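Please open the model in your viewer and keep the sequence panel beside it. The tour below goes from one selection to the next and says what is found at each stop.

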Amino acid sequence: MSTLTMSKALNEGLRRALEDDPKVLIMGEDVGRLGGVFRVTDGLQKDFGEQRVFNTPLAESGIVGTAVGLALRGYRPVCEIQFDGFVYPAYDQIVSQVAKIHYRSGGLVRLPIVIRIPYGGGIGAVEHHSESPEAYFVHTPGLRVVSCSNPVDAYWMIQQAIRTDDPVIFFEPKSRYWEKEEVDTTGTLADAYPLFASRVVRRAPAGRSAQATLIAYGPTVRTALHAAQVAADEGRELEVIDLRSLSPLDLAPVYDSVRRTGRAIVVHEASRTGGLGAEIASRVTEECFYSLEAPVLRVTGYDIPYPPARLEDEFLPTLDRVLDAVDRSEKW
Amino acid sequence: MLDGQAALGGALDPPTAPASAGHETGEPEFVQLLTPDGKRLTHPEYDVEFTDDELRDLYRDMVVVRRLDAEGTALQRQGELALWASLSGQEAAQVGSGRALRPQDMVFPTYREHGVLYCRGIDPIKPFVLFRGVAHGGIDPNEHKFNMYTIVVGAQTLHATGYAMGVALDGKVGGDDGEAVLAYFGDGASSQGDVNESFVWASVFQAPIVFFCQNNQYAISTPVERQTRRALVHRASGFGFPGVRVDGNDVLACYAVTRRALDEARHGQGPYLIEACTYRMGPHTTSDDPTRYRTASEVETWQGRDPILRLRRHLESRGLADDAFFDEVAADAARQAVELRERVLAMPDPQPMDMFNHVYVEGSPDLEAQREEFARYLAAFASEGPAMAAEQTGGGRHR
């Protein structure tokens, strides 16, 4: 057991993936000597050499497009996109090529590519450095999309993503990079919690029933847990589910919870319209229609471009906004 | 023999306006080994000795790929293909470069390289699968050393570059058995960011790749002047690697420059750009109408530079082939075309449930649920009687 930040846990996970499979490559802007702007690849070039961990030219389409070619050649490239707002130049390669080549080939070609994207706000950054573009990728068949929310998951999920024979978009909540947790790195991947599965991260204590289900992923998991703690202090129990996998969605635990609580609230930083919350609300309504005591509510970023950093606390889902939604749900 | 280092417009007739970019510094020289009237030239840097058999084989290849291509156009006109992208006019560029490949080399085509595909020994029905709408064109790239067609213009050049980087990582450069990658693109694609990024990547990683630009003068209707002020071959020097302009209607020159560029790449000399000046004799695809944007006289000018005719003239002038040979080649091509046509017409439609296959290697419960939903929907028709059920699986539903 060691105490690791999420950034370091990702770093350790990448290190282990490089050790386990000589075909794993790490490529991106500044991932070499600098170790990436968030230091997630710190020390990896020094230990694994410039052939396996290398800086690329500054062009995101080039990063992803050449990763496709490397994958065709039998490599397992792990691409780093420096910030969420800079993934768009690679969007064509991701959507039209990465997502579709296996299908286009009738199953003959596999593209085991991982595209890591630090995402989300709350770090006081300038424009284009705080976005949550996950829905664009979730909407694209052929891609798998996951997001870690804590160091333990980060350590295992990045390794599992690299082992996956499908392309994986791996979202890292940058506001959580520096949060620490005890991580047991001695286990094996086979024993790790499945990558494409959600997890109940807070249940009502035995003998008490929860009054609402909070559904979160990435940066908002901690917000939801915090809200649940405050609610518990006030005598109300909330269940919290960390989705972890955004495509495919694993909603069975959500349905199970909502059938008991009758209330569901989805929490994400991304803008509301057409976001994950809409999909989850739709599916929960289909599956839990007779159990619902209120419509599924969403606590999200608003439908505006990401605001200047001095306003981001008003934009992002906060503890109070989550609790407000719980109140609204209960009073429905 | 004459000196083949001619300027475009020297050994050839002067091209009409849209056929040559308005270059500030004049036309760059281009490599030509066979003039339109069939004269064999030599070149100090790019030349290859061809045996008589090789010359006859190149002729046969070009005739066959033109004939198979014509079948594609005909099948589309008869409603048997949704679309066809004709290679007509570009036979020399494709056969010359395609035959210059060594077995270990890898090809990344656009959607028009039916001639290269043929030279690779791949069943020529593959593009017809794509254009008939039966499948997206599944070719195993590693079996054939030929990637699937890429329809997004220019995207494949990055895949080719990454693949070439992988070749280098594998240590497969540096000797005669080294591997090289041949990436095709067109004059329109030269404006795409992906193509320019692939030049950057290939250059700084010293990747074993040859970029083969078939400058067929038009991106659908847009002439090459709207893509570039200077000849495309000049792009190479800015990115830091050699470039050569070649008469794209001269199969010998295309072969020679491609062989040389691939050999340099496989020996670790890094990337190479080839600009093959050619002309798309037909429409962009069967959906296009080139009479709206180019003149009959321009087309006629390029007919005078026909790639097949010039090799025929050369073979005839040297007594390397007689009428019996030419007749036999034409019959061979016709036979292959008939066979291809029959196979295209016999191609079964995919089954409705097939559309859910191969989205993911490792499957998806979400998608599985949708597959089951669709299966239940189909089954509902089956319960209404066999006639309806047959319609459901036979593609006879209303659309």
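**A sheet in chain A**

Begin by selecting A:Ala216, whose bridge partner in β13(A) is A:Val267. As you look at this pair, bear in mind that the model is predicted. Widen the selection to strand β10 (residues 212-216) and strand β13 (residues 264-271) of chain A, which pair in the parallel sense over four bridges.

Next, bring in the remaining strands, and an open sheet of five appears, with the order β9-β11-β10-β13-β14 in chain A and with mixed pairing. The edges are held by β9 (199-202) and β14 (297-301) of chain A, each of which has a single partner strand, so one side of each is left without a neighbour in the sheet. If you turn the view, note that neighbouring strands of this sheet are rotated against each other by 25 degrees on average, direction ignored.

Now add helix α9 (residues 252-261) of chain A, which packs on the sheet and touches β9, β10, β11 (238-242) and β13 of chain A. The direction of this helix makes about 155 degrees with that of β10(A).

**The largest nonpolar core**

Which residues touch the most other members of the largest nonpolar core? Among its 197 residues, select A:Leu214, A:Ile215 and A:Ile265 together with B:Val181, B:Val210 and B:Ile274, for these are the ones that do so. Helix α9 (residues 251-266) of chain B gives the most to this core, with ten residues.

Stay with B:Val181 and display what surrounds this residue: leaving aside residues up to four places away in sequence, B:Val181 touches B:Asp105, B:Met106, B:Phe108, B:Ala160, B:Tyr163, B:Ala164, B:Val167, B:Pro208 and B:Ile209.

**Chain B as a whole**

Zoom out to chain B, where the secondary structure comes to 14 helices and eleven strands. Of the 399 residues in chain B, 46% are buried. Among contacts in chain B with a separation of 6 or more, 76% are between residues 24 or more positions apart.

**Where the chains meet**

Finally, select the contact between the two chains, which takes 34 residues from chain B and 35 residues from chain A. On the side of chain B that touches chain A, α6 (155-169), α7 (193-204) and α13 (365-382) of chain B each supply at least two residues, and α6(B) gives the most, with eleven residues. Colour this side of chain B by residue class, and you should find 18 nonpolar, eleven polar and five charged residues.

Methods. Residues numbered from 1 in each chain as written. Chains lettered and ligands numbered in written order. Predicted model: local features only at pLDDT ≥ 70, side-chain atom pairs only at ≥ 80, totals over all residues. Contact = placed C-beta atoms within 7 Å. Nonpolar A, V, L, I, M, F, W, Y, C, P; charged D, E, K, R; others polar. Core = buried A, V, L, I, M, F, W, Y, C linked by C-beta atoms within 7 Å. Buried ≥ 20, exposed ≤ 12 C-beta atoms within 10 Å, placed from the backbone. Pairing = 2+ DSSP bridges. Axes fitted to C-alpha atoms, helices over the stretch in contact; angles between N-to-C directions.
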